[in-house]
Amino acid sequence: MTNFVQFVLDALSVGSTYAMLALGLTLLFGVMGLVNFAYGALIIWCGYVVVVLAPLNLPFALVAVLVIAAATALSLLVGQFAFRPFKSAPPLTLMLTSFGVAMALQALAILLFGQATRVVPMPAVLGTVWHLGEVRLSVLQVVTIVAGAAVLAGLYGLLQRTTIGLQIRAVAEDAEIASQMGVRADRVLMWAFAASGVIAGIVALLWLAKTGTVSPGAFLAPTFKAFIAIVLGGLGSIRGAVVGGLVLGLFEASLATYLPDSMLSYQQAIAFGLVIAVLLVRPSGIAGRLVEVSK
Amino acid sequence: MIVLRWVVDRGLHRGALAGIVLGDMTFASIVGVAVVVYLGLAGGADTDLLLSFGITAILVVGLQTFVGNTGVVSFAPMAFMGVGAYAAAVVAIPPATKALVLPDLPVVLQDLALPLAPAMLIGGGAAAIVALLTGLVLMRLTGIAAGITSLGVLVIVNELIRNADAFTRGSRTIFGVPASADLPWVFGTLVAAMGLAALLKASSYGLRARAVRDDELAATTAGINPLTARLWPYLMFGFISGVAGALWAHHLTAFSPNSFFVAQTIPIIVMLVIGGTNSVAGALVGAILLTLWLELIRPIEAGALGIPALNGIALLSVGVGLIVLLRWRSSGALGAKEAQFLPRHASVPDPSDGGHSGQLAKEEEKVNE
């Protein structure tokens with residue numbers, strides 16, 4: 001029983017991280033058909049913001065706010081200058097564009113901070129582990145699960161309870177008709193990039209607290225996890241992102257628990273194998289709509 | 001009189017297939033001869049660079065056969081290249097070295113030391129088998145899902161190579177492949193790869209794949225099976241990339257799984273976009289242009305010419321360049337044009353309206369005369 005509780009907690013915390021990553025990504029796919037390779041680059045840039053701020057010894061709450069603000073600004077910047085001009089381009093052109101953006105952001109990181117891996121200082125309290133009976137629970141795990149729930153609730157509130165959310169949903173449904181109904185597509189796009197940036201900032205703090213380091217090449221890992229999660233769950237739907245993220249977390253936790261040690265080095269391959277298997281049975285993902293989403 | 005011209009798709013005359021295949025092969029041969037002449041004039045200092053360029057160009061041509069004909073983006077070239085390189089290494093490393101590098105290899109393979117040509121075929125064949133196994137499953141997918149699963153192929157193949165210690169030495173560097181990939185082999189292979197790719201494009205296999213690319217429903221109604229239509233270009237993509245991998249192994253002589261991953265995928269895709277995804281000749285043009293650009297910018301990155309070293313400036317320029325290119329000229333340098341042998345006065349499709357107006361081009365020619 002304790003094993004099972006431990007397993008669920010581990011799966012839930014990892015899954016929350018992936019679900020948040022997927023939420024930020026799926027939002028952009030919804031409004032403009034963009035699968036954003038550069039999403040992970042936002043996360044490493046957040047890492048460098050923490051590194052740059054470290055000598056100032058600011059309280060962590062302030063650092064967190066600044067990181068989220070920086071991620072939002074950067075997301076808006078690439079949205080405005082790199083992606084907005086492509087808003088009517090086919091999804092594959094957009095995907096290649098985001099490939100270019102990821103390269104550019106990585107290159108800028110190399111130019112400014114060098115290739116070396118930097119340590120990202122995070123408050124020690126996040127590493128504290130509580131022992132509840134035989135169950136181990138770290139502060140970071142609790143924070144991650146709470147943040148995941150908060151991000152989901154916040155995004156749900158934004159999409160379902162506000163005018164801009166209504167407009168985002170309208171553009172996601174049919175951009176042309178939405179614009180004929182008086183929705184300003186460009187503004188909606190920027191809102192989506194802002195929301196995506198806020199989520200990237202939050203998930204970056206949690207991701208960096210876990211890895212503890214940042215390097216220019218480190219953007220691939222979060223990007224891959226987010227890709228797997230959104231394809232697993234179903235491209236372009238909020239429900240799909242959450243389901244995909246949680247399933248991936250559950251899957252990785254069960255691999256870590258039940259896979260023999262000799263197979264552990266195949267983890268990523270098995271995860272991608274799962275994606276392919278799911279896509280074959282359900283081409284639109286576990287929670288996806290059964291119609292073709294891509295334009 | 002037959003002349004070499006840059007024309008979209010197949011010309012409307014008898015022998016069009018031969019015209020496009022020979023045309024693209026001639027173009028590749030001219031590039032190969034130019035490289036040899038340049039090396040003759042400039043001394044051998046750039047030989048390594050130009051060998052790498054030739055092998056990279058083969059990879060881009062391989063990727064073009066798939067992306068151009070099916071319209072599906074693939075991030076898998078390095079997966080096939082890795083398979084080709086390791087397969088070639090396993091059959092080509094001399095037995096004495098093999099006992100040291102790959103002591104756990106099955107006995108049958110222990111004593112094998114094949115020369116370059118069969119090693120290339122085995123490399124290409126092994127990659128084509130991987131393409132067949134993955135393609136039977138993945139060719140059902142298109143669009144974004146296909147792009148992401150091709151990343152999956154890259155990751156899966158890379159992890160398999162890392163873990164197949166007996167055959168690949170795991171994550172450690174494998175070495176001892178004979179350094180037999182010289183200029184004639186590399187550029188001869190490039191010419192052959194261009195010929196194969198042009199043959200695929202101009203043949204009924206290529207036409208079927210592009211019919212599915214342009215309108216899957218209509219093509220299916222016309223009796224084309226989308227899965228097999230995409231599978232043939234995918235197999236060609238795997239084979240050519242595998243051959244390039246075998247050449248690469250015989251050029252580098254030592255490599256590790258890290259030599260075939262995401263970082264190496266970037267230039268291949270950028271080269272393809274620069275030249276024009278729909279053109280075989282464009283793949284070579286893209287390889288030439290990006291290689292030249294990276295050589296031009298190298299002094300800046302290394303800090304010569306009085307400018308301080310700027311690491312990452314090359315990557316930055318390529319990333320920004322890719323965005324700019326996609327924005328203003330997403331069809332690349334050549335669009336869908338190929339080098340083709342055509343009768344001097346043959347009517348040709350006009351690229352500006354999708355290639356259906358031979359009449360317009362004819363009139364234009366009259367004006368020119």
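**Figure 1. Close-up of B:Thr253 in the loop between α12 and α13 of chain B.** With 18 C-beta neighbours inside 10 Å, B:Thr253 counts as partly exposed, because a residue is called buried if 20 or more other C-beta atoms, placed from the backbone, lie within 10 Å of its own, exposed if 12 or fewer, and partly exposed in between. The model shown here is predicted, and local features need a pLDDT of at least 70, while side-chain atom pairs count only at pLDDT 80 or more and totals for chains, interfaces and linings use all residues. Residues are numbered from 1 along each chain as its sequence is written, and chains are lettered from A and ligands numbered from 1 in the order in which they are written. Phi of B:Thr253 is near 70 degrees, which is a positive value in a residue other than glycine. Most residues other than glycine have a negative phi.

**Figure 2. Close-up of A:Asn57 and A:Ala70 in chain A.** A:Asn57 sits in the loop between α2 (39–53) and α3 of chain A, where helices (H or I, at least four residues) and strands (E, at least two) are DSSP runs numbered from the N terminus. Phi of A:Asn57 is near 55 degrees, again a positive value in a residue other than glycine. A:Asn57 is exposed, because 8 other C-beta atoms lie within 10 Å. A:Ala70 belongs to helix α3 (residues 60–83) of chain A and is buried, because it has 22 other C-beta atoms within 10 Å. When residues up to four places away in sequence are not counted, A:Ala70 touches A:Cys46 and A:Val49, a contact being a pair of residues whose C-beta atoms, placed from the backbone, lie within 7 Å. The C-alpha atoms of A:Ala70 and A:Asn57, which are 13 residues apart along the chain, are separated by 18 Å.

**Figure 3. Close-up of helix α6 (residues 163–173) of chain A and its buried residues.** The buried residues of this helix are A:Gln167, A:Ile168, A:Val171 and A:Ala172. They lie on the same side of α6(A) because they cover an arc of only 140 degrees around the axis, the arc being that of the directions from the helix axis to the C-beta atoms. On the other side of α6(A), A:Thr163 and A:Glu173 are exposed. The cover over the buried residues of α6(A) includes α1 (2–32), α5 (139–161), α7 (175–180) and α8 (185–211) of chain A.

**Figure 4. Close-up of the crossing of α5(A) and α6(A).** Two packed helices are described by the angle between their axes and the distance between the axes. Here the axes come within 5 Å and cross at roughly 80 degrees, where axes are lines fitted to C-alpha atoms, for helices over the stretch in contact, and angles run from 0 to 180 degrees between N-to-C directions. The two helices α5(A) and α6(A) are therefore roughly perpendicular to each other, since angles under 35 degrees count as roughly parallel, over 145 as roughly antiparallel, 65 to 115 as roughly perpendicular and the rest as oblique. From α5(A), the residues A:Leu158, A:Leu159, A:Gln160 and A:Arg161 meet A:Gly165, A:Ile168 and A:Arg169 in α6(A). Sorted by class, this contact has three nonpolar, two polar and two charged residues, where Ala, Val, Leu, Ile, Met, Phe, Trp, Tyr, Cys and Pro count as nonpolar, Asp, Glu, Lys and Arg as charged, and the others, Gly among them, as polar.

**Figure 5. Close-up of helix α1 (residues 16–42) and helix α9 (residues 183–202) of chain B.** The axes of these helices come within 8 Å and cross at roughly 160 degrees, and α1(B) and α9(B) are therefore roughly antiparallel to each other. Residues of α1(B) that take part include B:Ala16, B:Ile20, B:Ala28 and B:Val35, and among the residues that α9(B) brings to the contact are B:Phe187, B:Leu190 and B:Ala198. By class, the contact of α1(B) with α9(B) has 16 nonpolar, three polar and one charged residues.

**Figure 6. Close-up of the contact between chain B and chain A.** The contact takes 37 residues from chain B and 38 residues from chain A. On the side of chain B that touches chain A, α6 (116–138), α7 (143–163), α13 (262–275) and α15 (313–328) of chain B each supply at least two residues. The helix that gives the most to this side is α7(B), with 14 residues. The residues of this side of chain B divide into 24 nonpolar, nine polar and four charged.

Key:
Contact = placed C-beta atoms within 7 Å.
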